[in-house]
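This briefing goes through one protein structure, topic by topic. Please keep the sequence and the 3D view open while you read.

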Amino acid sequence: MHELLFRRQKALEDGDLLRYAAQLGLDAAVFDRDRAGAAVADRIRRDVDSGLASGQVLGTPTLFIDGVVHRGGYDPPALLAALA
């Protein structure tokens with residue numbers, strides 16, 4: 001699912017998400033129930049709070065490498081250089 005969502009970042013409305021779930025053979029009703037559930041909302045809230053508390057997260061995506069925020073590019077050469 002994550003690859004599909006990444007490729008279609010401009011099409012993430014409810015109907016789009018349900019269509020993707022169906023394309024992937026997921027039970028659309030279970031998918032819709034789960035994504036609207038309290039567990040998902042709690043996880044999102046924890047992630048947002050953690051990013052804000054770090055003082056480093058300024059937007060999405062934010063990548064940390066060995067606990068240090070990466071401010072460079074996300075292309076393979078930039079990421080490989082950051083890992084060196």
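Leaving aside neighbours within four places in sequence, which residues is Leu-4 in contact with? They are Tyr-20, Gln-23 and Leu-24. The model is a predicted one. The points below begin with the nonpolar core and then turn to the surface, the charged pairs, and some details of the backbone.

**Nonpolar core**

- Leu-4 belongs to the largest nonpolar core, together with Leu-17, Tyr-20, Ala-21 and Phe-31, which makes five residues in all.
- Helix H2, which covers residues 14-23, gives the most to this core, with three residues.
- Tyr-20 thus appears twice here: as a member of the core and as a contact of Leu-4.

**Asp-16 in helix H2**

- Helix H2 also holds Asp-16.
- Is Asp-16 buried or exposed? Asp-16 counts as buried because its relative accessible area is 14%, and the cut-off for buried is under 20%.
- The side chain of Asp-16 reaches the backbone nitrogen of Leu-12, at a distance of 3.3 Å.

**Nonpolar surface patch**

- Val-40, Ile-44, Val-48 and Leu-52 make a nonpolar patch on the surface, with an area of about 350 Å².
- One of these patch residues, Ile-44, has its place in helix H4, residues 38-54.

**Salt bridges**

- Side chains of opposite charge can pair when their charged atoms come close.
- How many salt bridges does the structure hold? There are six, and the bullets below describe some of them.
- Arg-35 and Asp-32 form one salt bridge, with 3.0 Å between the closest N and O atoms.
- About one helical turn separates Arg-35 and Asp-32, because they are three residues apart in helix H3 (residues 28-35).
- Arg-35 is partly exposed at 27% relative accessibility, and Asp-32 is partly exposed at 29%.
- Asp-34 and Arg-33 also meet through their side chains in a salt bridge, at 3.4 Å from N to O.
- Asp-34 counts as partly exposed, at 41% relative accessibility, whereas Arg-33 is exposed, with a relative accessible area of 55%.
- Another salt bridge joins Asp-47 to Arg-43, the closest N and O atoms being 3.1 Å apart.
- Why are Asp-47 and Arg-43 separated by about one helical turn? The reason is that they are four residues apart in helix H4.
- Asp-47 is partly exposed, with a relative accessible area of 43%, and Arg-43 is partly exposed at 47%.
- Asp-14, Asp-32 and Arg-35 are joined into one network by salt bridges that share partners.

**Backbone details**

- Most residues other than glycine have a negative phi, and most peptide bonds are trans.
- Which two residues does a cis peptide bond join? The bond lies between Thr-60 and Pro-61, and its omega is about 0°.
- Pro-61 sits in the loop between H4 and strand S1 (63-65).
- Asp-66 is not a glycine, yet its phi is positive, at about 55°.
- The loop between S1 and S2 is the place of Asp-66.
- Asp-66 is exposed, because its relative accessible area is 78% and the cut-off for exposed is over 50%.

**Ile-65 and His-70**

- Ile-65 has its place in strand S1, while His-70 is in strand S2, residues 68-70.
- Both residues count as buried: Ile-65 has 15% relative accessibility, and His-70 has 10%.
- Leaving aside neighbours within four places in sequence, Ile-65 is in contact with His-70, Ala-82 and Leu-83.
- Ile-65 and Ala-82 are 17 residues apart along the chain, and their C-alpha atoms are separated by 7.7 Å.
- With the neighbours within four places again left aside, His-70 is in contact with Leu-63, Ile-65, Ala-78, Leu-79 and Ala-82.
- Ala-82 is therefore listed among the contacts of Ile-65 and among those of His-70, where contact means heavy atoms within 4.5 Å.
- Which backbone oxygen lies 2.7 Å from a polar atom of the side chain of His-70? The backbone oxygen is that of Gly-73.

Definitions and conventions:
Residues numbered from 1 in each chain as written. Predicted model: local features only at pLDDT ≥ 70, side-chain atom pairs only at ≥ 80, totals over all residues. Heavy atoms only, no water. Core = buried A, V, L, I, M, F, W, Y, C linked by side-chain atoms within 4.5 Å. Buried < 20%, exposed > 50% of the residue type's maximum accessible area, 1.4 Å probe, protein only. Helix = DSSP H or I, 4+ residues; strand = E, 2+ residues; numbered from the N terminus. Patch = residues over 30% accessible without salt bridge, like charges linked within 9 Å, V, L, I, M, F, W, Y side chains within 5 Å. Areas by Shrake-Rupley, 256 points an atom, 1.4 Å probe, with all protein chains shown as cover. Salt bridge = Lys/Arg side-chain N within 4 Å of Asp/Glu carboxyl O. Polar contact = N/O pair within 3.5 Å; in protein donor to acceptor, adjacent residues only side chain to side chain.
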